[in-house]
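Here are a few exercises to work through with the model open beside you. Try each task before you read its solution.

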Amino acid sequence: MEFLQHLSIAAHNPGVSTGRQWVSTSSSIESRSPVNGSLIGTVGVAGRDAYDTAIATAHQAFLTWRTWPAPKRGEVVRRIGEALRANKDALGKLVSYEMGKSLQEGWGEVQEMIDICDLAVGMSRQLHGLTMHSERAAHRMYEQWHPLGIVGIISAFNFPVAVWSWNAMIAWVCGDVCVWKPSEKTPLSAIACQRIAAGVFEEMGVPEGVSVLVAGGQDVGQWLAADHRVPLVSATGSTRMGKAVGTAVATRLGRSLLELGGNNAIIVTENADLDIAIRAAVFGAVGTAGQRCTTTRRLIVHESIYNAVRDRLRAAYAHLRIGDPLDAANHVGPLIDQAAVASYSDAVAAVAAAGGVPVVSPGVLSGAGYESGCYVKPCIFEARNDMDIVQRETFAPILYLIPYKTLAEAIAFQNDVPQGLSSSIMTLNLREAERFLSAAGSDCGIANVNIGTSGAEIGGAFGGEKETGGGRESGSDAWKAYMRRQTNTINYDTQLPLAQGIKFDL
């Protein structure tokens, strides 16, 4: 395929890179497309020696990179954004083919990388601290922010490149270096990004080791989490994985930035614009075949409009086209692999056993065009919020339809799950909207009005509460997670007064 050649993706690819240098390894993993089951290529897997060498190279690079002025580092990131623009078509197709998301979403993911580059360039001139008045005469107090060092990035398959860029672009302008452990399910997309960045770094004289790629499985993530040389580990994935990473990092008193599971709901009140509500619910539930942390999994609908919403959803789902994501006419691509299909089937069986009533029937698709066995039907079940399966996140296009009587009850349903990432309310009533956004409303890190749970912009801090992990990435002041704060006091007097008026005379 032309996009593989354009991105220099070969049949066999080294899986360890410190920038311009690529290291061959003895073992490898396969990348197979869920689109058709075809082998795209193989990627070398890092052993412990290769990992340690890569970390050592990253540390040496940091000693130089931290001395570059932040705006100069921002210029490097700006150039990466330009390179991504030049490769958007090919990289978007690779993301779509390797992960299975629709081509529009593949291109959208690369656009998100471009956008974060633009945001990070602006941040590079605004890494500001505060000044404070000292209680002592002839003293000045202020704070400044310094880079941390090595940032470990563990990314998930569903956004194989964008989440890396959220971390890496901001970490780089902050003066950090990055070691990226991509998902073993989508390693070729990561290799393509590393090659794009490496070309820019070589042109601009960036030290070897500022961008490190270490492909592999769970063991590589465990090494990063336990490594005292890595002061910050940013991990995106399941709550189970995040708890393991967070525990390992906390044991050594390091920092973790966790972006974990979501169980997101849209509340549809009797005052909603149903045209907007239905459109938001359908995209939120079936986009990326339900494999987003921000996927809409619960639709909490006022009882007075419940039947109308249910009927409109059934009609909308009848128009969904499922198939090859590289065909722009299709809305829904495959799940990532057979394990994901099994998880879908298990969840369908569980909700049916608990008394859930199908509104749109589930199913695993087979036959022409579905040879990989990874295609499933987006489905809808009438359910109760307290069902065990509804309380859990299933990475698949399953939507639970739940009626409510009062707004207080709807908000209670919305909050009564272990996760706390994204939430939405559909209403044209100002009081309902403000109540949802108040301290007594949604307990999620993201709360929206008249837009869905999915599709966050990079300008705001992204992340959630409870079992979502509490991390914040991307916009606002999320850059502070990648730096250390230092408070400075300067005495420019000839005396040495002590704070709190303490006397200490010799």
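**Exercise 1. Find how strand 13 and strand 14 are joined, then place them in their sheet.**

Step 1: Strand 13 (residues 264-268) and strand 14 (residues 296-302) run parallel, and five bridges join them. Strands here are DSSP runs of E with at least two residues, and helices are runs of H or I with at least four, numbered from the N terminus. Two strands pair if DSSP finds at least two bridges between them.

Step 2: For one such bridge, take Val268, whose partner in strand 14 is Val301.

Step 3: Now widen the view to the open sheet of seven strands, with the order 15-16-17-14-13-19-20 and mixed pairing. Its edges are strand 15 (357-360) and strand 20 (446-449), each pairing on one side only.

A note on the source: this is a predicted model, in which local features need pLDDT of at least 70 and side-chain atom pairs count only at pLDDT 80 or more, while totals for chains, interfaces and linings use all residues. Residues are numbered from 1 along each chain as its sequence is written, and side-chain values use heavy atoms, with hydrogens and water left out.

**Exercise 2. Follow strand 7 to its partners, strand 6 and strand 24.**

Step 1: Strand 6 (residues 131-132) pairs with strand 7 (residues 139-147) in the antiparallel sense, over two bridges. Thr131 stands opposite Tyr142 of strand 7.

Step 2: Look at the hairpin of these strands: six residues lie between them, and Ala138 takes a positive phi near 60 degrees.

Step 3: Strand 7 also pairs with strand 24 (residues 483-491), again antiparallel, over nine bridges. Here Glu143 stands opposite Thr487 of strand 24.

**Exercise 3. Work out how helix 3 packs against helix 6.**

Step 1: The angle between helix 3 (residues 70-86) and helix 6 (residues 162-174) is about 150 degrees, and their axes are 7 Å apart. Axes are lines fitted to C-alpha atoms, for helices over the stretch in contact, and angles run from 0 to 180 degrees between N-to-C directions.

Step 2: Helix 3 is therefore roughly antiparallel to helix 6 (a term for angles over 145 degrees).

Step 3: The contact (heavy atoms within 4.5 Å) is made by Ala70, Arg73, Gly74, Val77 and Ile80 of helix 3 with Met169, Trp172, Val173 and Cys174 of helix 6.

Definitions and conventions. Parallel < 35°, antiparallel > 145°, perpendicular 65-115°, else oblique.
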